[in-house]
Amino acid sequence: MSQPISTDAEAGLSVDDDWNAIFVDGEWRSVADRDRIAVKNPATGEQLTEVPAGTAEDVDDAYEAAMEAQADWAAETPGTRGGVVRRVAGLLEDHEAEIREIMAVEGGSPKSKQDIEFGGTVGLLHDVSSYPLRAGGEHNESNIPGKENMVLRQPAGVVGVITPWNVPMKLSFRVVAPAIALGNSVVLKPAEDTPIAGGLLLAKLFEMAGLPDGVLNVVTGDGETAGDRTAAHPGSDVVAFTGSTNAGRKVAKNAVEHFALPALELGGNNPHVVLDDADLDQAVDAGVFGSFWNQGQVCISINRHLVHESIADEYAERLAERASELEIGDPTDDDVVIGPIINESQVERMMGYVERSVEQGADVLTGGERDGLFVEPTVLTNMTNDMAAACNEHFGPIVPVIPFSDDDEAVELANGTDYGLAGSVHSADRGHARDVADRIDVGMMHVNDQPIHVEPHMPFGGMKGSGTGRYNGQWIIDELTEVKWTSVQREPRTYPF
Ligand code: NAD
């Protein structure tokens, strides 16, 4: 039987606190008879805590609480709903040091990653706090005399949220906060490696901000059990999934089975295209950041560098020189740029892509080695689009440099993937860059920049195997609300019989 472990909303946010519980109906439940998932510091291997491996029954309890709480929450004023989100933003800022420590020791996030994830989350929450008054509706004319047409917006209902470990706090908040602001209730299943930053921390912050019981529920656990049930539960109206394309396919089937909307943010294989007339300094600077931020563990990081053959060698050499200078180590040291990879299976997967590419004929210009969970920034040349590190989402600090001969070939290579998430194109001639950029099938394209760029009011999402729908601004408001056409007949209507 579940037991509450704490009802003290001020109990603190330190990584050393007791996080060994799920959060359902406003209670911290220790669910003592469940298996436990060990949460480890990827830089040191030290175990930080354990969390419950939530069961399908735990998820069912969470949905029951969410369904019970939703209507009353939706009936609160926009000011009340937005106010809770604004208070969470303030609490984040009050607890910045503890939250940065969680990001570093649980998620392996170097300072540059913490800065952007933390600052981006606070900015997002401020924007989201205005959603309740921005959700809007419409008033339309009618051809029927005396009829008034309105399009009303109401919350979708209960939103199931499943998130990954790579930018866990931001990727959970980017759905949970809009869902709550718009009057929905939520069941959140964070990733196994980052259950604090991606889940329990949000529960604590919303609890501290005064969110009513049951509006946000967090069940830790693995994908096959707690995740599967979160997507399959008939009580969900939207299933918002961020993660791999393979898991997303299963989640979508589960959601559609009970007619929930699948909102899917999936993998990427993002091209950084450097045209023959590019400013090489700028293209290399962008390429270094876009490949190595958070060790390349980002859905929108550069997966392939497509470079005109006339400058490909120089580009690769300059990038390799910069890569070899990046400080690798424990991300609690502020000078570190390259922290650990999140876990052993991720390291094995990306090193496998490097090894297979070398067998296929690629050369390692720099890097190529690992030490525990630390992977050296690696630049690969003599690459083609079909080699393992190029045709797969490597999700690591790996730079495959692939030459092309003209714009048509650049576009063909860029589009030669099942994904369509993000990309960038460099040219000193902005018109030339636009001509190429417009032909690349991605949801987010950045000219003379790199693809790791997010703004809370701009649409985030991809085409093809990268998912469906868009997050942020009006786009997420559309996904998390239902429109309801209501007509009012102001004078008696004449019918044909
Ligand atoms: P993953 O798909 O293995 O796991 C993501 C989440 O889904 C985890 O919480 C996991 O427990 C859960 N899950 C796994 N299998 C499930 C199932 N069958 N049913 C329900 N839930 C399940 O992905 P990951 O390795 O944690 O994250 C990396 C992937 O996420 C990469 O492909 C990356 O591109 C993608 N990603 C996409 C975005 C985006 O916005 N498009 C952002 C970040 C990460």
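Here are three short exercises on this structure, each with a worked solution.

This is a predicted model, where local features need pLDDT of at least 70, side-chain atom pairs count only at pLDDT 80 or more, and totals for chains, interfaces and linings use all residues. Residues are numbered from 1 along each chain as its sequence is written, and side-chain values use heavy atoms, leaving out hydrogens and water.

**Exercise 1.** Find the salt-bridge partner of Glu96 and work out how far apart the two sit in their helix.

*Solution.* Start with the rule: a salt bridge puts a side-chain nitrogen of Lys or Arg within 4 Å of a carboxyl oxygen of Asp or Glu. Glu96 pairs with Arg100, with the closest N and O atoms 2.9 Å apart. Next, look at helix α3 (residues 96-107): the two are four residues apart there, so about one helical turn separates them. Helices here are DSSP runs of H or I with at least four residues, and strands are E runs of at least two, numbered from the N terminus.

**Exercise 2.** Decide whether Arg318 and Glu314 are buried or partly exposed.

*Solution.* Buried means under 20% relative accessible area, exposed over 50%, and partly exposed in between (1.4 Å probe, protein chains only). Arg318 has 28%, so it is partly exposed. Glu314 has 41%, so it is partly exposed too. Through shared partners, salt bridges also join Glu96, Arg100, Lys111 and Asp115 into one network.

**Exercise 3.** Describe how strand β11 is covered and joined to β10.

*Solution.* In β11 (residues 261-265), four of the five residues are buried. β10 (residues 238-242) runs parallel to β11, with five bridges joining them. Zooming in, Ala240 has Ala263 as its bridge partner in β11.

Technical notes. Two strands pair if DSSP finds at least two bridges between them.
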